[in-house]
Amino acid sequence: MARAQIWLGLALLVSILDYLFLDAVGSWAFILSFRATKLAAMLLVGVSLAVATVLFQTITANRILTPSVMGFDALYAFALSSMVFTLGAAGYDAIPQPLLFAANLTLMSGLGLLLFMALLAGGRGDILKMVLTGIVLGILIRSITGFIQRLIDPSDFQTVQVASFARFTFVEPVLLGMAAAVVIPALVLAWRMRFRLDVLALGPEAATGLGEAPKRGQRQALLLICLLVGAATALSGPMSSGFSGPSNFFGLIVTALAHLLIKSERHATLLPATAMIAGIVLVGGQTVMERVLHLATPLPVVIELIGGALFLFLLLRRRAV
């Protein structure tokens, strides 16, 4: 276990160094500053989504679910399409980026919390109802979003398409700072919950017997999930292959790899391992796409392809068992 973490740390370090220095031609001061900002954004987004997925899978007791199944990406696409439809591309581009970030974060986190808290206020089986309701709402929101997008002026629709992919081409330092101000405290709180998460993973009855209140732990974990996913999506856009496409598989990939390599249910080990794998996948994948293959294809497209196959494999294996 410790050896696997060491190898993951070394792989992450190599990925970071390759991204910073590979094909660096010109002014080193400018190149390193520019790449370091993008690197920080990728690490922030990757770690946020990875930790949020671990928390979500722990409280739902299901390793094939991710937070995006609750419609976070759909909410982002809905808000984006609605603003472009109402204001036009010129009006949307005129909105200050910090204000846009705050609006997206508030919308996604707020609506997510309202949904979670309303469902958790009931009795037994709330998690199952929450997941099923999230799937239905996600489909509903995507359908409404698709309808709105068909009403958008074709000349403005390009703005929706560009903003609908996770993008790291240029990252505003101000937005990066705002996202870090949300993500870093949430990650610290998630780390402080690591032992309680071990207890919650045993199930409501066992957790209650060990002195942990399951609903309180679920509410706290869901709050952190909303903040982490909301901040990551507001900063870079959804990690999905399209604005109306399926839920992203990034979290599924990194958590599945973590369980495969670490083979431990302890969150003190699982959380950092998943975070490092997320950094390797995002930074290493972006390096290969940009500087090895010289492709302009968005990385989320490749992640969706691999994640879809992995999701099907895990689902079929689960049924076989």
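In the predicted model, helix α11 comprises 13 residues, 250-262, and its end C-alpha atoms lie 18 Å apart. A rise of 1.5 Å a residue leads to an expected span of 18 Å, so the separation of the helix ends agrees with the expectation. The expected figure is obtained by multiplying 1.5 Å by one less than the number of residues. Burial within α11 extends to F250, G251, L252, I253, V254, T255, A258, H259 and I262. Residues three or four places apart point the same way, because an α-helix has 3.6 residues a turn. Following α11 is K263, for which phi is positive, near 55°.

With regard to the overall architecture, the protein contains 13 helices and 0 strands, and the order of elements from the N terminus is accordingly written as α-α-α-α-α-α-α-α-α-α-α-α-α. Of its 321 residues, 51% are classed as buried. Among contacts with a separation of 6 or more, 79% involve residues 24 or more positions apart. The accessible surface amounts to about 14,900 Å², and carbon and sulfur atoms account for 71% of this area.

Contacts between residues distant in sequence are illustrated by T145, a residue of helix α5 (residues 126-151). T145 has a relative accessibility of 1% and therefore counts as buried, the cut-off being under 20%. When residues up to four places away in sequence are not counted, T145 touches A74, A77, F78 and S81. One of these contact partners, A77, is located in helix α3 (residues 72-94). A77 likewise counts as buried, because its relative accessibility is 5% and the limit for burial is 20%. A77 is also separated from I141 by 64 residues in sequence, while the C-alpha to C-alpha distance between A77 and I141 is 8.8 Å.

On the surface, a nonpolar patch is formed by I6, W7, L10, L13, L17, F21 and W28, with a combined accessible area of about 740 Å². Helix α1 (residues 2-21) makes the greatest contribution to this patch, supplying 6 residues. W28, another member of the patch, belongs instead to helix α2 (residues 28-60). The relative accessible area of W28 is 43%, so this residue is partly exposed; that category lies between the 20% limit for buried residues and the 50% limit for exposed ones. Membership of a patch requires over 30% relative accessible area, and the 43% computed for W28 is therefore consistent with its place in the patch.

Notes
Residues numbered from 1 in each chain as written. Predicted model: local features only at pLDDT ≥ 70, side-chain atom pairs only at ≥ 80, totals over all residues. Heavy atoms only, no water. Patch = residues over 30% accessible without salt bridge, like charges linked within 9 Å, V, L, I, M, F, W, Y side chains within 5 Å. Areas by Shrake-Rupley, 256 points an atom, 1.4 Å probe, with all protein chains shown as cover. Salt bridge = Lys/Arg side-chain N within 4 Å of Asp/Glu carboxyl O. Helix = DSSP H or I, 4+ residues; strand = E, 2+ residues; numbered from the N terminus. Buried < 20%, exposed > 50% of the residue type's maximum accessible area, 1.4 Å probe, protein only. Contact = heavy atoms within 4.5 Å.
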